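Me: I am new to this structure and would like to learn how to read it. Could you walk me through a few features?

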Amino acid sequence: MKPRVRFAPSPTGYLHIGGARTALFNWLYARHTGGTFVLRIEDTDAARNTHEAVDVILNGLRWLGLHWDEGPLTSDATGPGKGDRGPYFQSQRKENYDRRVEALLSHGLAYEHQGAIKFKMQRAPVLIPDLVVGDVLRKLTDREEVDPDFVIVRSDGQPVFHFVNVVDDLEMGITHVIRGEDHLSNTAKHIALFRAFGVEPPKYAHIPLILNADGSKMSKRDRGASLTTYLDEGFLPEAVNNYLCLLGWSPKDNVEKLSLAEVVERFDLPQILRHNAKFDFEKLVWLQGEYCRELAPDRFYELGVHAFAKAGVDTNTFDTNYVKAALDTCRGKIKTFAELPAYAGFYFRDEITYDPEAAKKSFVPENKPRVEKLRAAFAKLATFDATSIEATLKATATELGIKVGVLIHPTRLAVTGNPNGPSLYHLLEVMGKEKTQARIERALQTSFS
RNA sequence: GACCCUAUCGUCUAGCGGUUAGGACAUCGCCCUUUCACGGCGACGGCACGGGUUCGAUUCCCGUUAGGGUCGCCA
């Protein structure tokens with residue numbers, strides 16, 4: 001029988017990066033085994049259950065490319081879904097829960113208590129066989145020694161998480177529960193519930209948690225906790241996926257960068273690590289840079305335009321070929337698209353401000369005649385392309401008996417305002433002779449001291 | 001308070017009784033270079049502690065410490 005796994009988030013308004021990894025590991029296992037990946041929305045908390053909150057989950061998974069075989073197609077709980085084990089929203093499954101509660105009640109396995117319904121939990125320790133952690137013998141805590149029974153239906157009629165989670169896993173035919181280790185202790189309750197329904201529980205695989213760099217629990221407001229952050233900061237889903245795979249799982253052969261397809265081939269449950277991992281933003285940025293550098297020109301262009309738009313720069317007012325050429329000089333230079341507006345904003349803005357420190361170094365009196373000479377040499381150029389610009393600049397430096405850098409730094413600063421950036425020869429070609437000369441002229445007039 | 005999980009460079013990890021403890025990110029040098037980035041070379045840096053078991057422990061067992069998780073009419 002092919003495995004059936006599920007990702008069962010509750011719509012809280014954001015998708016936690018740890019949740020994203022849980023989804024990823026479930027997806028990887030399904031793809032590795034040829035099984036089925038189910039998405040189920042645990043929206044029993046009506047107060048938080050909004051379309052927007054569900055869309056955050058749906059869009060997050062879609063962005064990562066973790067497509068589900070069964071589950072909702074839209075954020076509408078009563079809307080369409082795919083798969084024949086639905087509904088895939090818990091808010092639509094009340095009859096199932098009612099029926100299961102009745103069954104427990106009629107068998108004397110649950111009882112009413114102060115308006116709520118409690119499950120008769122076994123008093124003996126529960127053995128939890130876990131594919132990642134191994135066999136865990138869960139004993140009762142001191143509180144549970146007093147009363148091991150737990151509420152499965154609140155006095156307002158709402159069934160609680162432990163109960164609905166088990167009922168759904170049972171009825172949806174889930175064979176492997178892959179989830180965060182924060183659920184390990186409670187698995188005893190789930191196993192007891194499955195047995196009460198007369199079935200064997202699924203296999204469990206509790207994966208380690210992702211912690212902050214300082215080792216504390218990663219919660220909503222912590223940097224990088226929300227998947228949306230990566231979308232907003234111009235990360236690539238392939239980089240995020242790759243990095244997430246490396247947290248708690250290892251390809252074991254000193255390979256760091258690998259595609260999801262490669263991971264699908266190698267991934268399996270027993271090799272998942274047992275200890276928590278701290279989130280290393282720097283390493284993610286490194287991977288991001290690796291993927292960013294390899295980006296095809298048209299995708300780089302598309303994402304670049306988007307990044308500028310987000311920064312309030314409308315590149316549509318410029319000629320498409322100009323924008324494409326401009327962005328092309330940035331390929332291989334930046335790591336995240338969030339850097340782009342600062343890195344290459346000079347292409348799309350007339351007023352440029354000079355980096356003060358660089359200006360102090362480059363816009364000095366002895367450089368003025370040198371830059372003037374360069375501008376005069378540029379003036380004679382019939383073709384203003386990278387090759388002739390380079391040749392002219394080098395020839396001028398030779399005539400002046402100086403290193404090329406002495407001309408390059410003030411010129412770059414005059415044209416871009418920045419001490420660093422894309423290849424100078426190429427960016428000047430993109431800017432064009434007219435703008436280049438105007439900017440050099442302006443710097444000469446106003447800024448050399 | 002009780003119960004559960006975990007412990008290799010700062011971080012992610014390889015290791016599964018005998019290794020000069022390997023790789024990657026980060027950091028620091030040098031090289032390349034029009035800046036930055038890339039790339040190349042090198043350096044720094046680790047088996048939490050204490051007992052066992054064993055001819056021999058990073059590796060197996062116990063304890064301590066530390067970190068994380070759970071014990072809800074939250075999910």
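Reply: Happy to: we will go through charged pairs, a charged residue without a partner, and a pocket, keeping in mind that this is a predicted model.

Me: Let's begin with charges. How many salt bridges does a search of the whole structure find?

Reply: The general idea is that side chains of opposite charge can pair when their charged atoms come close. Here, the search over the whole structure turns up 24 salt bridges. One of them joins Glu42 to Arg40, with 3.0 Å between the closest N and O atoms.

Me: Are Glu42 and Arg40 buried or exposed?

Reply: Both Glu42 and Arg40 are buried. Another pair to look at is Arg93 with Glu171, whose closest N and O atoms are 3.3 Å apart. Arg93 sits in the loop between strand S4 and helix H3, while Glu171 belongs to helix H5, so this pair ties together parts that are 78 residues apart in sequence. Arg93 and Glu171 are both buried as well.

Me: Which residues are linked in a network of salt bridges?

Reply: The network links Arg6, Arg40, Glu42, Arg93, Arg99, Arg100, Asp168, Asp169 and Glu171. You will recognise the two pairs we have just met among these names.

Me: What about Arg154 and Asp156: how far apart are they, N to O?

Reply: Their side chains meet in a salt bridge at 3.5 Å. Arg154 is partly exposed, because its relative accessible area is 41%. Asp156 counts as exposed, because its value is 53% and the cut-off for exposed is over 50%.

Me: Now for a charge without a salt bridge. Which side chain of opposite charge is nearest to Asp130?

Reply: That is Arg179, 7.3 Å away, and Asp130 is buried yet has no salt bridge. A salt bridge needs the nitrogen and oxygen within 4 Å, so a distance of 7.3 Å does not qualify. Asp130 lies in strand S7, and its side chain reaches the backbone nitrogen of Val133 at 2.9 Å. Residues that Asp130 touches, leaving aside those up to four places away in sequence, include Tyr204 and His206.

Me: Last, the pocket. What is the volume of the largest pocket?

Reply: The general idea is that rolling a probe the size of a water molecule over the atoms shows where empty space is left. Here, the largest pocket has a volume of about 960 Å³. Its lining has 34 residues, and His16, Gly18, Gly19, Asp182 and His183 lie nearest the centre.

Me: Which element gives the largest share of that lining?

Reply: Helix H1 does, with five residues. Strand S1, H5, strand S10 and strand S12 each give two or more residues too.

How values were computed: Residues numbered from 1 in each chain as written. Chains lettered and ligands numbered in written order. Predicted model: local features only at pLDDT ≥ 70, side-chain atom pairs only at ≥ 80, totals over all residues. Heavy atoms only, no water. Buried < 20%, exposed > 50% of the residue type's maximum accessible area, 1.4 Å probe, protein only. Helix = DSSP H or I, 4+ residues; strand = E, 2+ residues; numbered from the N terminus. Lys, Arg positive; Asp, Glu negative; His and termini not counted. Polar contact = N/O pair within 3.5 Å; in protein donor to acceptor, adjacent residues only side chain to side chain. Contact = heavy atoms within 4.5 Å. 1 Å grid on protein atoms, 1.4 Å probe; cavity = no way out; pocket = protein on both sides within 12 Å on 5 of 7 lines; lining within 4 Å. Points joined across faces, edges and corners; volume = space filled by probe spheres on them.
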